[in-house]
Amino acid sequence: MITGELRNKVDKIWEIFWTGGITNPLEVIEQFTYLLFIKQLDDVETTKENEASFLGVDYQGIFPEECQEYRWSKFKNLGDAQEIYRIVSDGVFPFIKNLHGDGESAYSKYMGDAIFKIPTPAMLTKLIDGIDGLELGDADSKGDLYEYLLSKVATAGTNGQFRTPRHIIKMMVELVRPNPSDIICDPAMGSAGFLVEAEEYLRKHEADLFLNEKQREHFNNKMFYGFDMDRTMLRIGAMNMLLHGVDNPKIEYRDSLSENNTDTEKYTLVLANPPFKGSLDYESVSADLLKVCKTKKTELLFLALFIRMLKKGGRAAVIVPDGVLFGSSKAHRQIRREIIDNHKLEAVISMPSGVFKPYAGVSTAILIFTKTGAGGTDKVWFYDMKADGYSLDDKRQPVQESDVEDIIRRFHDRAHETERKRTEQSFFVDADEIRENDFDLSINKYKEIVYEPVEYDPPEVILDRIDELEKEIQDNMAELRKLLNSYLTI
């Protein structure tokens with residue numbers, strides 16, 4: 001997490017944007033990131049120049065001789081605000097847009113239609129001063145800064161962006177435990193939160209992969225895939241990955257449900273929170289997906305897509321609305337049957353309805369399954385999450401109660417869960433029982449509730465108590481009148 005001092009500096013920069021007329025939080029993040037990226041380019045250039053000088057070797061830098069004025073350290077010290085604005089808008093911004101002329105990197109691919117929107121020289125100089133004062137040493141601090149910026153999309157409550165809370169993403173990643181050989185995909189990536197958390201998990205738990213040239217090359221160029229239909233989110237996602245140290249993620253503009261997406265048995269891990277609602281071009285939906293479940297519901301079609309995209313043995317941890325678990329339509333039953341009978345459903349984690357506030361109060365669950373193509377579901381582990389460490393209202397303030405660590409611990413120690421009763425928070429249900437219940441996966445279908453008898457006093461005792469309360473009220477009223485009368489006679 002970013003510190004209080006850094007947070008205050010970022011908030012002041014955010015305020016400069018708002019008072020300057022840029023109030024769309026996604027646009028603020030974009031413009032903020034462009035400036036941050038310009039500064040980072042110069043920082044990297046300076047470091048490499050110093051290293052080359054120390055080693056006594058030649059260095060061909062990012063900035064050609066005729067573009068030296070485009071360096072942050074050069075233009076930030078100019079006293080003329082108009083001149084700074086001219087250099088940045090007419091020189092630096094076109095320069096970074098065309099930095100990778102081959103268009104191979106995800107960043108350069110989606111910078112093509114980026115627009116410099118800072119309206120005035122005065123506003124630009126204030127922003128340069130603010131960003132120049134940010135102390136961002138390592139990739140973690142840059143990543144934390146970016147997560148903080150993205151969190152403001154949630155608090156702004158606009159644009160309809162459905163951001164998955166970071167701690168829920170982190171929990172899901174820790175449940176599936178990515179490994180250095182994984183090929184990871186989020187076909188509805190948004191700001192790339194799942195991909196970022198997966199790479200952070202690998203840095204923390206599989207750090208040796210960076211000592212292996214082949215694994216390091218896989219990590220930077222062939223491990224991470226993300227698709228979205230919003231070019232703004234693609235730019236933000238690409239920048240997010242860049243700031244977290246992934247050189248070349250495969251981030252693409254794509255309607256994942258359409259015929260144009262032909263990915264089949266390509267990935268070993270899918271992490272996603274696909275859209276539950278929204279527009280759907282039914283005519284363009286892939287016929288392969290409609291064979292699994294003929295429906296217009298995106299949440300069901302995405303489940304069919306995950307199955308198709310995964311290699312055999314591949315895993316998925318995905319968020320679905322509760323309706324997927326118990327919906328009675330033919331399509332609902334078909335997709336549940338497909339996962340249970342033809343693959344291996346590992347777990348259903350029911351989450352409280354407040355997890356996605358202030359976006360929505362919809363109840364959701366996490367499904368974890370493995371693609372086998374030959375069945376394998378013998379029993380399913382259910383967990384009834386009551387709390388996630390935050391209040392379940394629109395404010396989402398931190399609280400003490402949280403089941404997150406318990407979920408992770410119990411999921412990875414399911415061998416000791418078999419004897420737990422259905423009155424407890426987690427338990428197993430046999431697949432045959434689920435089949436008998438029309439493949440219903442709602443936890444309330446199987447959870448047993450123990451009703452404790454409540455003993456009340458006899459009616460006579462309750463009535464006597466009411467009489468005593470009534471007498472006490474009358475005595476107090478009499479005392480109040482006496483005080484009032486004495487006050488009026490003074």
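Colleague: What is the strand order of the open sheet of 9 strands, and how are the strands paired?

Modeller: In this predicted model, the order of the open sheet runs β3-β2-β1-β4-β5-β7-β6-β8-β11, and the pairing is mixed.

Colleague: What makes β3 (250–253) and β11 (426–430) edge strands?

Modeller: Each of them has a single partner strand, so one side of β3 and one side of β11 remain without a neighbour in the sheet. Across this sheet, neighbouring strands are turned against each other by 15 degrees on average, with direction ignored.

Colleague: How do you know that β2 (residues 224–228) and β3 count as a pair, and in which sense do they run?

Modeller: Pairing requires at least two bridges, and β2 and β3 share 4 bridges in the parallel sense, which means that the requirement is met. One of the residue partnerships joins Y225 to K250 in β3. Helix α9 (residues 193–205) packs on the sheet, where it touches β1 (184–186), β2 and β4 (267–272), and its direction makes about 170 degrees with that of β2. Another helix, α16 (residues 404–411), lies across β6 (344–351), β7 (364–370), β8 (379–384) and β11, running at about 165 degrees to β8.

Colleague: Why is the packing of helix α4 (residues 81–97) on helix α6 (residues 121–132) described by the word it is given?

Modeller: Their angle is about 80 degrees, with the axes 8 Å apart; since roughly perpendicular covers 65 to 115 degrees, α4 and α6 therefore receive that description. In this contact A81, Q82, I84, Y85 and V88 of α4 meet P121, L124, T125 and I128 of α6, and by class the residues are 7 nonpolar, 2 polar and none charged.

Colleague: What makes helix α1 (residues 4–19) roughly antiparallel to α6?

Modeller: The angle between α1 and α6 is about 170 degrees, with axes 9 Å apart, and because angles over 145 count as roughly antiparallel, α1 is placed in that class relative to α6. Here I13, I16 and F17 of α1 meet M123, K126, L127, G130 and I131 of α6, and these residues divide into 6 nonpolar, 1 polar and 1 charged.

Colleague: How do you know that the length of helix α2 (residues 25–55) agrees with its number of residues?

Modeller: At 1.5 Å a residue, its 31 residues should span 45 Å, and the end C-alpha atoms of α2 are 44 Å apart, which agrees. At the start of α2, a side-chain oxygen of N24 comes within 2.9 Å of the backbone nitrogen of L26, while just after α2 the residue G56 adopts a positive phi of about 70 degrees.

Note on methods. Residues numbered from 1 in each chain as written. Heavy atoms only, no water. Axes fitted to C-alpha atoms, helices over the stretch in contact; angles between N-to-C directions. Helix = DSSP H or I, 4+ residues; strand = E, 2+ residues; numbered from the N terminus. Parallel < 35°, antiparallel > 145°, perpendicular 65-115°, else oblique. Contact = heavy atoms within 4.5 Å. Nonpolar A, V, L, I, M, F, W, Y, C, P; charged D, E, K, R; others polar. Expected span 1.5 Å × (residues − 1). Polar contact = N/O pair within 3.5 Å; in protein donor to acceptor, adjacent residues only side chain to side chain.
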